[in-house]
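Subject: Structure handover

Hello,

Please find the structure below. My notes on what was found in it follow.

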Amino acid sequence: MPELPEVETIRRELEPYLVGKKFVEVIVCDTKIICPLTAAEFREGLVGQRIKSLKRRGKYLILLLSNSKCLVIHLRMSGVLLLNPPEPQARSRVVFHLSDGSRLVLIDRRRLAVVSILEGEELVESKLGPEPLEPSFTAKELARRLKRRKAPIKAVLLDQKVIAGIGNMYADEALFKARVHPLRPASDLSWQETERLYTAIISTLRSAIEHKGASVDTYLRPGGEAGAAHFNFKVAHCGGKPCPECGTPVQRLAIRNRGSYFCPTCQKC
DNA sequence: CCCGGAACCTGAAGGC
DNA sequence: TGCCTTCAGGTTCCGG
C-alpha cells in the first residue's frame, strides 16, 4: 500500500528520468482511472507537455507541466508506476510515452488509483493537513490537532487532514514505537505521549524512506525492485508473532474496518 | 464539525 | 476440485 514513504521513493527514483522529458503519446486502457476526463481529453492535456519537476504531497504524486498545470497521481491501494517494464504488462491502466522513447506505465490490480490533470495544486492542498517531515510540523502542532478529536488515535492518524501521508501500516508502527494503544481517544493523550508519538511518526517515516518503502502486497519501485522497509516492521502485519520488546504475541484488532496490530503489553489502553 | 460505517474494487486465501 | 465468503485498505460519501 503506497503511503508517504512509498510515494516519496517513487518520486525520488522517477525524478531524474522524467524531468525535462515530454509526453509524446498517452494511451488510456481504463478510463475509470482518469474519470471524469475522456481518454481524448486526457491525451490532449498531456501530449507536447514537458515535465518540469516532481513533487509529493501526502500520498499524492504531482508532475508539474510546462503549461503550469499538474498531472496528479494517487495510487490508492494497488497502483504501481513502472518505468519501461517488460511487455506485455497485465492490468496496465495508462501508458505514458516519453520523448526519449521510454514508457511510464501505471498498473493497478484493483482499479482504485486516480489520475487527473489539475490547473494547480489547490485541490490537493485543500484535502490535506501538514507534511509530517516538514520542519513546520512540531509536537505542539500535533497536540493541537489531536486535542479536539475523541475518536481512537489510530483512526485520527489515518485522517489525511490531521497529518498527510500516514496510512495503516505506519500508523501501527508509530503507535507501537510511542507505546500508545490504538484505541486511546486522541484527545486523552498526555503531552508526554504526544511528544513520543510525534518523534515516532517522524522516525518511522524517515526510516521507511531510507529503506525505499515497504513491499507488502503490490508495491514496487519504478524499476521493478521491492522496498525493504517491511523487514523492520515490529507489529504491522505481524499478528501472532512475538513483540520484539516483550515477547507478548502481537494482537490484531479491527478499528474503523482497518486491521490494527499492536502489543497489548507495551501499549496499554 | 465530528464520528462511524458503507461503498468502491479485485485477487488471494480459507472454509466446507 | 470448486464454489462461496472474507479480507485487504485509501478515500469519499452519507446519516446521525
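A polar contact here is a pair of N or O atoms within 3.5 Å; within protein, one atom must be able to donate a hydrogen and the other to accept it, and residues adjacent in sequence count only if both atoms are side-chain atoms. By that rule, a side-chain N or O atom of Arg 91 is 2.9 Å from a phosphate oxygen of DNA strand B.

Two points on the source. This is a predicted model, in which local features need pLDDT of at least 70 and side-chain atom pairs count only at pLDDT 80 or more, while totals for chains, interfaces and linings use all residues. Residues are numbered from 1 along each chain as its sequence is written, chains are lettered from A and ligands numbered from 1 in the order in which they are written, and side-chain values use heavy atoms, with hydrogens and water left out.

DNA strand B

Backbone atoms also take part: a polar one of Lys 150 lies 2.4 Å from a phosphate oxygen of DNA strand B, and one of Ala 151 lies 2.9 Å from a phosphate oxygen of that strand. The residues near DNA strand B (a heavy atom within 4 Å of it) include Lys 32, Arg 109 and Arg 256. They divide into 3 nonpolar, no polar and 9 charged. Here Ala, Val, Leu, Ile, Met, Phe, Trp, Tyr, Cys and Pro count as nonpolar, Asp, Glu, Lys and Arg as charged, and the others, Gly among them, as polar. Of the strand B atoms within 4 Å of the protein, 79% belong to sugar or phosphate.

DNA strand C

Around DNA strand C there are 17 residues, of which His 74, Met 77, Arg 110, Leu 112 and Arg 252 come nearest. Sugar and phosphate make up 55% of the strand C atoms within 4 Å of the protein. Lys 59 has a side-chain N or O atom 3.0 Å from a phosphate oxygen of DNA strand C. Arg 258 instead places a polar side-chain atom 2.8 Å from a base nitrogen of DNA strand C. The surface near this strand has 4 nonpolar, 6 polar and 7 charged residues.

The two domains

Chain A is divided into domain 1 (4-125) and domain 2 (139-262), with bounds from an automatic or database domain assignment. What joins Arg 221 to Glu 13? The link is a salt bridge, with the closest N and O atoms 3.0 Å apart. The term means a side-chain nitrogen of Lys or Arg within 4 Å of a carboxyl oxygen of Asp or Glu. The rule finds 2 salt bridges across the interface of domain 1 and domain 2.

Regards
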